[in-house]
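Q: Could you walk me through this structure, and tell me how each label is earned?

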Amino acid sequence: MVDEKGYIPRQVHHEDIEEDEGYPQRQNDEEEEPQEEPKEQTRIEEKTPSRYVQKNHPESQIVGQKEAGVQTRRTIAEASSYLALLSSTEPQNMKEACKDECWVKAMDEELEQIEKNNTWELVPRPKDNNVIGTKWVFKNKLNENGEVIRNKARLVCKGYAQREGIDFEETFAPVARLEAIRIFLALSSFQNFKVFQMDVKSAFLNGDLEEEVYIEQPDGFILGNNPNLVCRLKKALYGLKQDPRAWYYRLDKYLHQQGFSKGSADSNLYIKVENDKLLILIVYVDDIIFGSNEEAMSQSFALVMQKEFEMSLLGELTYFLGLQIQQKEGGTFLSQTKYLKQILKKYGMEDAKPVCTPMVTGCSLSANDESAAVHQPTYRSMIGSLLYLTGTQPDIMHAVGIVGRFQANPKETHLQAVKRIFKYLQGTQNYGLWYPRNTDLTLHAYTDADWAGSVDDRKSTSGGAFFMGSRLVS
């Protein structure tokens with residue numbers, strides 16, 4: 001059975017909710033016991049207890065995080081009512097998702113977005129063309145505190161079934177480099193302008209396809225009241241191999257129409273100059289950050305983008321690609337505290353005893369170490385996590401570079417050196433990069449190298465740090 005739109009009908013299961021659930025009920029100091037009425041009423045005088053106010057409470061008695069402040073019943077109720085509209089668990093398959101109204105609603109929103117964008121048209125099944133299958137991917141979107149803020153259901157194509165030369169040609173699409181992002185934030189702190197962010201909703205659905213691609217109907221839904229029809233794609237859909245390239249060309253073409261020019265250092269950096277007004281933006285797939293020395297120019301750009309694309313997030317820059325960004329009056333602070341806590345928990349180092357340095361002085365690790373071998377995939381995963389963390393904690397760069405040399409055949413000695421880096425990070429969770437305002441923008445470079453530092457091949461190790469004024473950018 002299907003409804004008029006062709007969707008499978010659903011039933012909403014209502015559960016009895018106890019009134020004022022989760023709140024402590026007020027009780028009398030003394031419970032009343034049934035007894036006979038006395039002949040004479042006795043007046044009881046209550047003694048007023050002495051009052052003692054303790055201003056400084058011990059931290060051990062504070063429940064939750066101190067930074068959260070005082071929470072009243074009303075604020076807790078508002079938060080609870082909002083979270084009640086979201087599901088905290090991610091279904092593993094379509095059958096589980098259909099049992100939860102939150103995920104059914106998320107799938108409806110995805111299909112509405114696809115239909116609104118005119119992504120496909122229903123056609124009879126072709127005989128000589130490849131028809132690609134589809135599947136649903138369910139993911140909870142989290143904020144900086146790890147709280148669920150959105151249930152996202154994504155319809156994706158099974159791109160592994162595509163055939164090169166028939167269903168796709170080129171697939172490469174560039175993304176912004178982390179160095180370009182840091183340089184942009186350093187420049188914004190120098191120019192003293194606000195940086196904003198926007199997230200293009202269903203970005204890959206905006207890419208125009210040049211190839212003829214057919215896909216099956218979405219699992220769990222019947223479109224056009226005919227299950228034998230298939231969808232011929234007019235625009236890109238998630239999962240296709242050419243999705244990133246199609247979206248990049250679509251956005252690049254539109255930005256050039258709006259008067260932007262590409263930066264020479266990065267192909268995802270765009271600049272627009274009007275008289276003395278400057279607007280800079282950086283694109284990382286569907287995430288865009290931008291800023292201008294004229295706030296009206298930033299607002300105008302936001303309105304133009306909203307008319308062309310649907311935005312799911314728009315506001316001041318606070319969280320971007322795992323970077324936590326705080327724009328303050330005195331400057332901009334970059335950190336990865338949330339990401340650091342995640343990897344410490346992932347590798348069981350959240351309770352490790354902190355150490356003062358990431359590597360011991362005179363450490364001489366060798367590929368010919370005779371200690372026991374360790375699990376290679378885990379070792380490589382730890383190195384990869386640490387490499388991304390160097391984006392805001394350059395103090396571990398040298399140590400991570402040393403231990404990263406032994407990923408082909410890691411030994412117990414190498415693993416202990418990696419764990420020492422995690423122990424150091426345990427005590428430096430709030431470290432980051434500080435970009436002060438109103439300072440010069442002179443480029444400074446510092447380089448250094450040891451001499452024959454490697455015990456295996458006697459090669460030297462070199463490194464460098466590049467500053468824009470007092471702002472470390474690379």
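**Reading the labels**

A: Happily! Of the 474 residues in the protein chain, 39% are buried. Please keep in mind that this is a predicted model. The chain holds 10 helices and 19 strands. Its accessible surface is about 30,000 Å², and carbon and sulfur atoms contribute 48% of that. Among contacts with a separation of 6 or more, 72% join residues 24 or more positions apart.

Q: Why is S298 called buried or exposed, whichever it is?

A: The relative accessibility of S298 is 3%, and buried means under 20%, so S298 counts as buried. S298 sits in helix α6, which covers residues 295-308. Beyond the residues up to four places away in sequence, S298 touches F196, L279, F290, G291 and S292.

Q: What makes V200 buried?

A: The same kind of cut-off decides it: buried means under 20% relative accessible area, and V200 has 2%, so V200 is buried. V200 belongs to strand β5, residues 195-200. Leaving out residues up to four places away in sequence, V200 touches N206, W247, D286, I288, F309, E310 and M311.

Q: Which C-alpha separation is found between V200 and S312?

A: These C-alpha atoms are separated by 6.2 Å, while the two residues are 112 residues apart along the chain.

Q: Why is R177 called partly exposed?

A: Partly exposed is the range between buried, under 20%, and exposed, over 50%. R177 has 46% relative accessibility, so R177 counts as partly exposed. You will find R177 in the loop between β4 (148-157) and α4. Apart from neighbours within four places in sequence, R177 is in contact with A265 and D266. The C-alpha atoms of R177 and L269 are separated by 9.5 Å, with their positions 92 residues apart along the chain.

Q: What makes the phi of N192 worth pointing out?

A: Most residues other than glycine have a negative phi. N192 is not a glycine, yet has a positive phi of about 60 degrees. N192 lies in the loop between α4 (178-191) and β5. With a relative accessible area of 45%, which falls between the cut-offs of 20% and 50%, N192 is partly exposed.

Q: Where does A452 lie, and is A452 buried or exposed?

A: A452 lies in the loop between β17 (443-449) and β18 (462-468). Its relative accessibility is 12%, and the cut-off for buried is under 20%, so A452 counts as buried. A452 also has a positive phi, about 55 degrees, although A452 is not a glycine.

Q: Now for the helix pairs. How do you know which word describes the way α5 and α6 lie to each other?

A: Two packed helices are described by the angle between their axes and the distance between the axes. Helix α5 (residues 243-257) packs with α6 at an angle of about 135 degrees, and their axes are 12 Å apart. Roughly antiparallel would need an angle over 145, and roughly perpendicular covers 65 to 115. The angle fits neither, so α5 and α6 are oblique to each other. The crossing of α5 past α6 is right-handed.

Q: Which residues of α5 and α6 meet?

A: From α5 come R250, L251, Y254 and L255, and from α6 come F301, V304, M305 and E308. The residues of this contact divide into 6 nonpolar, no polar and 2 charged.

Q: Why are α7 and α8 called roughly antiparallel?

A: The axes of helix α7 (residues 337-346) and α8 cross at roughly 165 degrees and come within 11 Å. Angles over 145 count as roughly antiparallel, so that is the word for α7 and α8. The crossing of α7 past α8 is left-handed. Y339, L340, I343 and K346 of α7 make the contact with S381, S385, Y388 and L389 of α8. Those residues divide into 5 nonpolar, 2 polar and 1 charged.

Q: How do α8 and α10 pack, and which residues meet?

A: Helix α8 (residues 376-389) and helix α10 (residues 412-426) pack at an angle of about 35 degrees, with axes 11 Å apart. Their crossing is left-handed. On the α8 side are Y379, M382, I383, L386 and L389, which meet H414, L415, V418, I421, F422 and L425 in α10. The residues of this contact divide into 10 nonpolar, 1 polar and no charged.

Methods:
Residues numbered from 1 in each chain as written. Predicted model: local features only at pLDDT ≥ 70, side-chain atom pairs only at ≥ 80, totals over all residues. Heavy atoms only, no water. Helix = DSSP H or I, 4+ residues; strand = E, 2+ residues; numbered from the N terminus. Buried < 20%, exposed > 50% of the residue type's maximum accessible area, 1.4 Å probe, protein only. Contact = heavy atoms within 4.5 Å. Axes fitted to C-alpha atoms, helices over the stretch in contact; angles between N-to-C directions. Parallel < 35°, antiparallel > 145°, perpendicular 65-115°, else oblique. Left-handed = near helix turned anticlockwise from the far one by under 90°. Nonpolar A, V, L, I, M, F, W, Y, C, P; charged D, E, K, R; others polar. Areas by Shrake-Rupley, 256 points an atom, 1.4 Å probe, with all protein chains shown as cover.
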